[in-house]
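Let's take a walk through this fold, one layer at a time. Have the structure open and follow along.

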Amino acid sequence: MSERIKIAVQKSGRLSENSLELLHRCGLQYARSESRLYCAGENMPVDILLVRDDDIPSMVRQGVCELGIVGENVLREQQCGEDDSAPVSELRGLDFGFCRLAIAAPRSITYAGSQSLQGKRIATSYPGILGRYLAERGIVAQVVRLAGAVEIAPSLGQADFICDLVSSGNTLQANDLRELEVVMESQAQLIATPRPLSAEKQAWVQRMQRRIDGVVRVKESKYIMLHAPRSAVAEISRLLPGSEMPTIVSLDGCDNKVAMHAVCRETVFWETLEALEDAGASAMLVLPVEKMLA
């Protein structure tokens, strides 16, 4: 193939490792350049560019890269300032990089809902998202834009509140802050360029999207095999979490029992297995699923 597609991925940070692991699980083998900012695909015409997360939406929108993996928080912040008539295509959430953009304040501050923000100073690295959030609630406040270290703004006297990303909450706790209100939830997103592509490139974009879909869908999926009385097939089918109709196979020399196989697209808890056992299931085996195409 003469044409290659490029995927933009965060070069360092909370999404980098999971993004590269996702592409590896899609079958992509690659070698890093000496600068470690470019990964050439060895078994597919697919290359990876390792860039700043803030640059990913614009690189995809402009067609520099055909695909990108970026945090929804970064994508929404850039969209707040865009008047582009051709935004990126949002293909799917990737089920990692979960966090939330939240309002927080020193524990000493009394908070009685979002109206407590009226007339206050709020430090953030996401002025677009915060500005929209405040406008939707009719709140007039001073947005203090900071590039980093937002959590120390109250202790330095720069702000009364902050609006920052929260995952575990440990950073807030370390700075004697408490979370007050969630502005938005975020996770990693797969995005695609709105620019027209050649048939060759489009075919590879669609192939990578299908593979990514297959990897993400099986993250919590399990393959269950069990034996069941024929009379209990309907009840056991009902108990299998998130599955389509199971495959039923006759057991040689046993007219009153069958083998049931099913892919469960939800977590299989011990309580589920106990309920299946109570319904008559036996010889249960639960296996992880590595890949799945619809």
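What follows goes through two sheets, a pair of helices and a few side chains.

Keep in mind that this is a predicted model. Start with the seven-stranded sheet, which is open and has its strands in the order E2-E3-E4-E1-E5-E12-E6. Its pairing is mixed. If you look for the edges, you'll land on strand E2 (30–32) and strand E6 (89–93), each of which has a pairing partner on one side only. From one strand to its neighbour, this sheet turns by 25 degrees on average, direction ignored.

Now zoom in on the middle of that order. Strand E1 (residues 5–10) pairs with strand E5 (residues 67–71) in the parallel sense, and two bridges link them. A handy landmark here is Ile7, which stands opposite Leu67 in E5.

Next, bring in the helices. H1 lies across E1, E2, strand E4 (46–51) and E5, and its direction makes about 150 degrees with E1. H6 packs on the sheet too, touching E1, E4, E5, E6 and strand E12 (188–192). Compare its direction with that of E6 and you get about 25 degrees.

How do H1 and H6 sit relative to each other? The axes of helix H1 (residues 16–25) and helix H6 (residues 199–217) come within 9 Å and cross at roughly 105 degrees. Because angles of 65 to 115 degrees count as roughly perpendicular, that makes H1 roughly perpendicular to H6. On the H1 side, Leu22, Leu23 and Arg25 make the contact, while H6 brings Met208, Ile212, Val215 and Val216. Sorted by class, that's six nonpolar residues, one charged and no polar ones.

While you're on H6, have a look at its side chains. The charged end of Arg207 sits over the ring of Trp204, 4.4 Å from the ring centre. As for aromatic pairs, the structure holds one.

That leaves the other sheet. Here four strands form an open sheet, in the order E14-E15-E13-E16, and the pairing is antiparallel. Strand E14 (247–251) and strand E16 (282–288) are the edges, each pairing on one side only. Neighbouring strands in this sheet are turned by 20 degrees against each other on average, again ignoring direction.

Which strand does E13 meet at the E16 edge, and through how many bridges? Strand E13 (residues 222–229) is joined to E16 by five bridges, and the two run antiparallel. To find the register, look for Ile224, which stands opposite Val286 in E16.

Conventions: Residues are numbered from 1 along each chain as its sequence is written. This is a predicted model: local features need pLDDT of at least 70, side-chain atom pairs count only at pLDDT 80 or more; totals for chains, interfaces and linings use all residues. Side-chain values use heavy atoms; hydrogens and water are left out. Two strands pair if DSSP finds at least two bridges between them. Axes are lines fitted to C-alpha atoms, for helices over the stretch in contact, and angles run from 0 to 180 degrees between N-to-C directions. Angles under 35 degrees count as roughly parallel, over 145 as roughly antiparallel, 65 to 115 as roughly perpendicular and the rest as oblique. Contact means heavy atoms within 4.5 Å. Ala, Val, Leu, Ile, Met, Phe, Trp, Tyr, Cys and Pro count as nonpolar, Asp, Glu, Lys and Arg as charged, and the others, Gly among them, as polar. Rings of Phe, Tyr and Trp (its six-membered ring) pair if their centres lie within 6.5 Å; planes under 30 degrees apart count as stacked, over 60 as edge-to-face and the rest as tilted. A charge sits over a ring if NZ of Lys or CZ of Arg is within 6 Å of the ring centre and within 35 degrees of the ring normal.
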